[in-house]
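Student: Please take me closely through one part of this model: its salt bridges. Add the packing around them where it helps. Keep it brisk.

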Amino acid sequence: MLDLKKFGVTMWEEEKIISFRHKLLTWYDENKRDLPWRRSQDPYYIWVSEIMLQQTRVDTVIPYYERFLDCFPTVEALATAPEERLLKAWEGLGYYSRVRNMQVAAQQIMTKFGGQFPTTYEGIASLKGIGPYTAGAIASIAFGLAEPAVDGNVMRVLARLFEVDHDIGIPSNRKIFQAMMEILIDPERPGDFNQALMDLGSDIESPVNPRPEDSPVKEFSAAFLHGTMDRYPIKAPKKKPVPIYLKALVVKNDKGEFLLEKNESEKLLAGFWHFPLIEVEEFSQEEEQLNLFAQVTEESAVLGPTPQESFEQDYDIEVNWLDQTFDQVKHVFSHRKWHIQILAGQVTETQQFPDREILWLAPEEFQDYPLAKPQQKIWQTYKKVSLESRWDK
């Protein structure tokens with residue numbers, strides 16, 4: 001076991017730990033949130049909820065969770081689902097590697113565990129996309145195993161309880177909080193104990209505007225007692241996301257259909273359908289201020305083809321580009337920020353693309369294809385301008 005004193009952490013005596021557990025669980029019994037995944041001990045349901053809750057707010061997750069289980073009620077249904085149906089069910093939640101990993105894990109369950117969800121921590125942790133936190137959450141909640149579930153909320157609470165002088169954002173420091181939880185966790189109600197700390201950390205002990213005076217365990221909190229709440233947890237500020245500049249080509253034919261292409265790369269948003277995107281180095285100051293896309297000039301000829309020209313060459317298509325401006329679309333991923341300018345155009349001849357995953361789709365057909373959040377934003381921005389100007393009929 002990790003020697004916590006080497007990290008400046010002195011744990012409580014057993015009597016105090018027992019008292020802490022009692023206070024925390026009594027509060028949880030009286031105040032726990034009524035969430036759909038808490039109405040079941042089915043490990044599959046708990047797994048789905050835990051994966052969805054990564055990087056996503058509870059109120060956002062609830063409708064997705066219910067729809068997802070309607071679509072894929074069993075591990076087998078998830079394991080055998082077509083990719084497009086899977087991505088469509090996850091559309092808008094982001095971090096799409098989560099659902100792809102879930103399907104791989106479901107296939108592992110079918111092949112390696114005979115279709116039965118593994119019942120040990122080691123078995124659960126062996127599944128694709130399941131790290132120590134998720135494995136601990138499933139093991140404790142579904143199977144009553146005394147396994148800690150250490151996420152950001154839990155580390156925040158522990159950092160304040162014991163004034164832990166280690167950055168919770170550094171992955172290697174997680175082992176400190178894991179060792180603390182192995183001592184603190186209630187062996188009789190480990191799932192409730194883990195969830196109680198999560199609830200406490202997401203509300204009363206939230207990262208901004210905490211209410212330590214309302215905490216059921218404030219008498220145990222060194223930071224509260226010493227007036228150091230503003231110091232803990234220690235966490236270095238996040239790096240700013242890298243800006244990425246893109247031109248979105250929204251092209252319509254004479255039937256009112258739009259050109260969309262499937263992203264077949266292994267990179268970000270693979271498997272989703274999208275309006276064609278062309279990355280550029282940056283937007284000019286004029287474009288930033290007016291959101292205009294310059295037409296071909298002598299200068300652009302020297303610098304190379306414009307995005308419109310590149311698009312027409314790449315797709316072997318002729319487009320009548322519209323002189324129309326749109327608000328810039330922005331979307332933040334975890335490590336990058338997309339800045340998107342829309343270029344709208346129309347074609348008189350609907351060309352087919354037999355060698356590429358490209359379709360002409362009417363707007364009412366969009367619901368049948370997975371479109372990631374940036375594409376949804378592009379469409380809403382385009383549609384808003386087209387309705388206001390009435391040029392797109």
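Tutor: Start with the exposure classes: a residue is buried under 20% relative accessible area, exposed over 50%, and partly exposed in between. Arg100 has 24% relative accessibility, so it counts as partly exposed. Keep in mind that this is a predicted model.

The structure holds 16 salt bridges. Three of them carry this account.

Arg100 leads to one of the three. Its salt-bridge partner is Glu83, with 3.9 Å between the closest N and O atoms. The pair links distant parts of the chain. Glu83 sits in helix α5, residues 83–90. Arg100 sits in helix α6, residues 97–112. The two are 17 residues apart. Glu83 is at 35% relative accessibility, so it too falls in the partly exposed class.

Now take Glu205 and Arg160. Their salt bridge has its closest N and O atoms 2.8 Å apart. Glu205 is in the loop between α11 and α12 (222–226), while Arg160 belongs to helix α9 (residues 152–162), so this bridge ties together parts 45 residues apart in sequence. Both Glu205 and Arg160 are buried. Back at Glu83 and Arg100, shared partners extend the pattern: salt bridges join Glu83, Glu84, Arg100 and Lys262 into one network.

Next comes Asp199 with Arg33. Their side chains meet in a salt bridge at 2.6 Å, N to O. Asp199 is part of helix α11 and Arg33 of the loop between α1 and α2 (43–53), so the bridge ties parts that lie 166 residues apart in sequence. How exposed is each end? Asp199 has 4% relative accessibility and therefore counts as buried. Arg33 has a relative accessible area of 33%, so it is partly exposed.

Asp199 also belongs to a helix contact. Helix α1 (residues 14–31) packs against helix α11 (residues 190–202) at an angle of about 70°, with the axes 9 Å apart. Angles from 65 to 115 degrees count as roughly perpendicular, so α1 and α11 fall in that class. On the α1 side, the meeting residues are Phe20, Arg21, Leu24, Leu25, Trp27 and Tyr28. On the α11 side they are Asp192, Phe193, Gln195, Ala196, Leu197, Asp199 and Leu200. By class, this contact has 9 nonpolar, 1 polar and 3 charged residues.

For context, turn to the nonpolar packing. The largest nonpolar core has 103 residues. Trp47, Phe68, Phe177 and Met180 have the most contacts inside it. Another core lies apart from it, with 12 residues, among them Leu249, Val251, Ile317 and Leu343. Take Trp47 and set aside neighbours within four places in sequence. Its contacts then include Met102, Ala105, Ala106 and Ile109. Those positions fall in α6, the helix of Arg100, which spans residues 97–112. Thr134 is another contact of Trp47.

Thr134 in turn gives a reference point for Tyr121. The two are 13 residues apart in sequence and 9.9 Å apart in space, C-alpha to C-alpha. Tyr121 lies in helix α7, residues 121–125. Its relative accessible area is 18%, so it is buried. Leaving out residues up to four places away in sequence, Tyr121 touches Pro132, Ala135, Gly136, Ala139, Leu145 and Glu147.

To recap the bridges: Glu205 and Arg160 are both buried. Asp199 is buried, whereas its partner Arg33 is partly exposed. Glu83 is partly exposed, and so is Arg100.

Notes
Residues numbered from 1 in each chain as written. Predicted model: local features only at pLDDT ≥ 70, side-chain atom pairs only at ≥ 80, totals over all residues. Heavy atoms only, no water. Core = buried A, V, L, I, M, F, W, Y, C linked by side-chain atoms within 4.5 Å. Buried < 20%, exposed > 50% of the residue type's maximum accessible area, 1.4 Å probe, protein only. Contact = heavy atoms within 4.5 Å. Helix = DSSP H or I, 4+ residues; strand = E, 2+ residues; numbered from the N terminus. Axes fitted to C-alpha atoms, helices over the stretch in contact; angles between N-to-C directions. Parallel < 35°, antiparallel > 145°, perpendicular 65-115°, else oblique. Nonpolar A, V, L, I, M, F, W, Y, C, P; charged D, E, K, R; others polar. Salt bridge = Lys/Arg side-chain N within 4 Å of Asp/Glu carboxyl O.
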